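Reader: I've got a structure open and some questions about its charged side chains and its inner spaces. Shall we go through them?

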Amino acid sequence: METEEVLHMNKGSGKTSYAMNSTVQDNIISVAKPATRKAIVQILCSSGPMINMTIADLGCSSGPNALRVISEIFDVVYDTSHLENRPTPELLVYLNDLFTNDFNNIFQSLPSFYKKQKQEKGAGFGSCFISAVPGSFYGRLFPSKSLHFVHSSSSLHWLSQVPCGLENKGKIYISKSSPKCVLDAYLMQFQNDFSHFLESRSHEMVNGGRMVLSLMGRESMDPTVPHSCYQWELLAHALMAMVSEGLVEEENVDSFDAPYYAPCIEEMKLEIEKEGSFMLDSHDAYEIDWDAGTESSSGSLGMLSSGERVARTIRAVVEPLFESHFGSNIMDELFRRYGELVEDHLSRNRTKYINLVLTLVKLTKCLD
């Protein structure tokens, strides 16, 4: 099964796990909100009245946050149009994720979403049309020169595939002890994927269109810094402890590597400049605690330790990958041990995710 398909086979182990993942994702969406708002305002104010505006959300998933960004975009369009005394443009929204995404879950929520928009904005709000476009965003998805705004959150750090030819024994991602060839292979795969992403969007976006990209990254040029890889390191420790007890085959650990890469902004800048169709308008890095948003958890979530909460968050994201490789029978034990390791780590360290937020502008070329 292809890596991208495995990533979207399911969204975690139960409602509690998915709720935790949504809480972290909610924080990630929040830090990107100012960039999204600014980009939408600049699109609307840089031209005359728009008859319609086409928006794509890449990697939309299907949970509680699937329509949150779209709702916030609608708010900005409505507010800006009224402030400028212009008619609100018709909005065409494409929701994109892989073919295995549960788009039906989103579709079932659309009647209540449309009703809420009409209640909040009244008759002055223009028509909006929401549809799904399944497929990998590392290739073409939309007609040429059709998109005004592209948004992507928590998706571009997932690679289209595991880098080829890795020899990374006892590890499942980049670590301090990984040989340089492993670091180079991961970087090369990210460069290849991100360049394909940019090239595809360059054909699909109108001149002056804008993209807001939010993804896990790092601030250091060194990909082995703890902030960017230690979650994977602790998962490897949990797996190797199970190997020592005969619960997991060591060969299974040696043959597994995560299709993930947390880039630094310099690596992204280089690919943007090489592809040549976009200008990097702004970029920021935000720190988010591993257990962000859990201090105020109530009910069953509030009874969990920080380590257990982080383990459930990570499990909601990566379990499809681990289950397809190691089997479902070890999942509970693996993430129980992982939670204990995270709890011990957090008792001694204040560890954070680094979330990068970039705004890109589609450049006008002579042949366009």
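Author: Sure, with one term up front: buried means under 20% relative accessible area, exposed means over 50%, and partly exposed is what lies in between. Keep in mind that this is a predicted model.

Reader: Then let's use that. Is arginine 218 buried or exposed?

Author: The cut-off for buried is under 20% relative accessible area. Arginine 218 comes out at 2%, so the verdict is buried.

Reader: Which residue forms a salt bridge with arginine 218?

Author: Start with where arginine 218 sits: in the loop between E5 and helix H6 (226-244). Its partner is 49 residues apart from it, in helix H8 (residues 265-275), so to speak a link between distant parts of the chain. That partner has a relative accessible area of 11%, so it is buried. The closest N and O atoms are 2.8 Å apart, and the residue is glutamate 267.

Reader: How many residues apart are arginine 210 and aspartate 281?

Author: Their side chains meet in a salt bridge, 3.5 Å from N to O. Arginine 210 belongs to strand E5 (residues 205-216) and aspartate 281 to strand E6 (residues 278-289), and the pair links distant parts of the chain, 71 residues apart.

Reader: And which residue of that salt bridge, arginine 210 or aspartate 281, is partly exposed?

Author: Arginine 210 has 13% relative accessibility, so it counts as buried. Aspartate 281 has a relative accessible area of 30%, and partly exposed runs between 20% and 50%. The one you want is aspartate 281.

Reader: How many salt bridges does a search of the whole structure find?

Author: Some of them join up: Glu245, Glu333, Arg336, Arg337 and Glu340 are linked in a network. For the whole structure, the search gives 20.

Reader: Now lysine 121. Which side chain does it meet in a salt bridge?

Author: Lysine 121 is in helix H4 (residues 103-121). At 6% relative accessibility it counts as buried, whereas its salt-bridge partner glutamate 120, at 47%, counts as partly exposed. The N to O distance is 3.7 Å, and the side chain is that of glutamate 120.

Reader: What else does lysine 121 touch, not counting residues up to four places away in sequence?

Author: Within its own helix neighbourhood, a polar contact of 2.6 Å joins the side chains of lysine 121 and glutamine 117. Leaving out residues up to four places away in sequence, lysine 121 touches Phe74, Asp75 and Tyr78.

Reader: There's another lysine, 362. Which side chain does it make a polar contact with?

Author: Lysine 362 lies in strand E7 (residues 352-362). Its relative accessible area is 5%, so it is buried. The contact is 3.2 Å, with the side chain of asparagine 207.

Reader: On to the inner spaces. How much space lies in the second largest cavity?

Author: Counting cavities of 30 Å³ or more gives 3. The second largest cavity holds about 60 Å³.

Reader: Which elements give two or more residues to the lining of the second largest cavity?

Author: The lining includes Leu44, Cys45, Thr80 and Ser81, along with Met50 and Arg86. By kind, the lining residues divide into 6 nonpolar, 2 polar and 2 charged. The elements giving two or more are helix H2 (15-45) and helix H3 (68-83).

Technical notes
Residues are numbered from 1 along each chain as its sequence is written. This is a predicted model: local features need pLDDT of at least 70, side-chain atom pairs count only at pLDDT 80 or more; totals for chains, interfaces and linings use all residues. Side-chain values use heavy atoms; hydrogens and water are left out. On a 1 Å grid over the protein atoms alone, a cavity is a set of points where a 1.4 Å probe fits but cannot get out, and a pocket is an open set with protein on both sides within 12 Å along at least five of seven lines; lining residues have an atom within 4 Å of a point. Grid points are joined across faces, edges and corners, and a volume is the space filled by probe spheres set on the points. Helices (H or I, at least four residues) and strands (E, at least two) are DSSP runs, numbered from the N terminus. Ala, Val, Leu, Ile, Met, Phe, Trp, Tyr, Cys and Pro count as nonpolar, Asp, Glu, Lys and Arg as charged, and the others, Gly among them, as polar. Buried means under 20% relative accessible area, exposed over 50%, partly exposed in between (1.4 Å probe, protein chains only). A polar contact is a pair of N or O atoms within 3.5 Å; within protein, one must be able to donate a hydrogen and the other to accept it, and residues adjacent in sequence count only if both atoms are side-chain atoms. A salt bridge is a side-chain nitrogen of Lys or Arg within 4 Å of a carboxyl oxygen of Asp or Glu. Contact means heavy atoms within 4.5 Å.
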